[in-house]
Amino acid sequence: MKDIYILGIESSCDETSISIVKNGIECLSNVVSSQIDIHKNYGGVVPEIASREHIKNITVVLDECFQKANLTMSDIDAIAIAYGPGLIGSLLVGLEAAKTLSYLYNKPLIPVHHIAGHIYANSFVKPLSFPLLALIVSGGHTELVLMKDHFSFEKLGSTLDDAVGECYDKVARVIGLPYPGGPLLDKLAMEGTPTYKLPHPLDDESYNFSFSGLKSAVINLNHQFEQKKETLSPKNLAASFQKVVVETLIKKTKKALLDTKCKNLIVAGGVSANQGLRQAVLKLGEELGVEVSIPSLCYCTDNGAMVASAGYYAYQLGRRADLYLNSKSQEELK
Ligand code: KG4
Ligand code: ZN
């Protein structure tokens, strides 16, 4: 069978990333240009600045991607683009680049939902086997999704308010950590002991999540200590917070695995880089006899390779977009 080379473009937030993936599973180059150092000064992503940075970076990233893979545009079979959800101005830069390349070189354009990209990042561990349960944990999403086949997404539950990554970033700010706080909070948590009592949010039988109450509980605890002129231990607070988050995610994931009798679990999205969660998910897999897949750290946060991998399977299914494809700030997983 002929090898298929997909160029994947991702620009939904503050990373400009382009990658070339062979047959959906072999990453030949994955160039990521991060804007963290710029947005750090503002405590979070400034959308207008992010779009302007994408414009500056995208052609440089594209050239480097081809150089690293030692390929040219003539080797590419199709162009996969993460068209949404995300920041509209950021998405548009990647989308216009993808459309221009598609038009100039007469290559098919494959639309990829950003979260489908995160899910397919697991293809670099091993090709997805179905049925599988996907625990999606990112800066904008927290969902449990059942997949019986490629691109078949059955949402079992999702967050009713904040996404788990968003909650990490907000709690990190309370502790005084710079943006993006999630990875730093995780590091701190691994050094601390969970000594503070925090509520387990939405501790019910549903598959839904809620993280805004937990965030408020951390803020309140911080205020109480400030009023008493006492100091909280950042390490122990981080460990207490991480324990509650991980226990909550694991409890609902376990219920979904038992209810669906699913024997494959994958974790997807930026928070899948979380050390506490990675350990807990592997332990859950052992306990239930479920095969667990978590992407390597380089494919957890936003990257073009995940878009290219999802693009490969979408390409095989005959999914195509025309040049009227628009970016979407919000979009159901499909
Ligand atoms: O998937 P992603 O790169 O972007 C979105 O699609 O949202 O996820 C970014 C989120 C941020 O909220 C970031 O703080 C969080 O993932 N994150 C982490 C860790 N690494 C990234 N949260 C907790 N622990 C980590 N190690
Ligand atoms: Zn993402």
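Let me begin with the sheet, in which five strands are arranged in the order β3-β2-β1-β4-β5, forming an open sheet whose pairing is mixed. Please keep in mind throughout that this is a predicted model. The strands at the edges are β3, residues 26–34, and β5, residues 109–113, and because each of them has a single partner strand, one side of each is left without a neighbour in the sheet. If we ignore direction, neighbouring strands here are turned against each other by 20 degrees on average.

Within that sheet, I would like to look at one pair of strands, namely β1, which covers residues 5–10, and β2, which covers residues 15–22; the two run antiparallel and are joined by six bridges. As one example of these contacts, E10 has S17 in β2 as its bridge partner. Following the chain onward from there, we come to N23, which sits in the loop between β2 and β3, and which has a positive phi, near 50 degrees, although the residue is not a glycine.

Two helices should be mentioned together with the sheet. Helix α3, residues 88–105, lies across β1, β4 and β5, and its direction makes an angle of about 155 degrees with β4. Helix α10, residues 304–316, lies across β1, β2, β3, β4 and β5, running at about 130 degrees to β1.

On the way from β4 to α3 the chain passes through a loop that contains P85, and the peptide bond leading from G84 into P85 is cis, with omega near -5 degrees. A second cis peptide bond is the one between Y179 and P180, where omega is about -10 degrees, and P180 belongs to the loop between α5, residues 164–175, and α6, residues 181–191.

Now to the metal, and the question of which residues serve as protein donors of the zinc ion, ligand 2. They are H114 and H118, each through NE2, together with D302 through OD, and they lie 2.0 to 2.1 Å from the ion. Written as a spacing in sequence, these donor residues read H-x3-H-x183-D. Distant parts of the chain are thereby linked, since H114 is in helix α4, residues 114–120, whereas D302 is in the loop between β10 and α10, 188 residues apart.

Let me turn to the open space at the surface, where the largest pocket has a volume of about 1,200 Å³. Its lining is made up of 42 residues, and those nearest the centre are C13, S138, G139, D169 and Y179. The elements that contribute two or more residues to this lining are α4, α5 and α6, and α5 gives the most, with seven. By character, the lining of the largest pocket divides into 17 nonpolar, 17 polar and eight charged residues. Two names from earlier return here: Y179, one of the residues nearest the pocket centre, also takes part in the cis bond to P180, and α4, which carries the zinc donor H114, is among the elements lining the pocket.

Finally, there is the enclosed space, and how many cavities of 30 Å³ or more does the structure hold? There is one, and about 90 Å³ of space lies within it. Its lining includes N122, K126, P127 and L128, as well as N264, L265, E291 and V292, and the elements that give two or more residues to that lining are β9, residues 264–268, and β10, residues 291–293. In character, the residues lining this cavity are six nonpolar, four polar and two charged.

Technical notes:
Residues are numbered from 1 along each chain as its sequence is written. Chains are lettered from A and ligands numbered from 1 in the order in which they are written. This is a predicted model: local features need pLDDT of at least 70, side-chain atom pairs count only at pLDDT 80 or more; totals for chains, interfaces and linings use all residues. Side-chain values use heavy atoms; hydrogens and water are left out. Two strands pair if DSSP finds at least two bridges between them. Helices (H or I, at least four residues) and strands (E, at least two) are DSSP runs, numbered from the N terminus. Axes are lines fitted to C-alpha atoms, for helices over the stretch in contact, and angles run from 0 to 180 degrees between N-to-C directions. Contact means heavy atoms within 4.5 Å. On a 1 Å grid over the protein atoms alone, a cavity is a set of points where a 1.4 Å probe fits but cannot get out, and a pocket is an open set with protein on both sides within 12 Å along at least five of seven lines; lining residues have an atom within 4 Å of a point. Grid points are joined across faces, edges and corners, and a volume is the space filled by probe spheres set on the points. Ala, Val, Leu, Ile, Met, Phe, Trp, Tyr, Cys and Pro count as nonpolar, Asp, Glu, Lys and Arg as charged, and the others, Gly among them, as polar. Donors are N, O and S atoms within 2.8 Å of the metal (3.2 Å for Na, K and Ca); water is not among the atoms, so sites may look incomplete.
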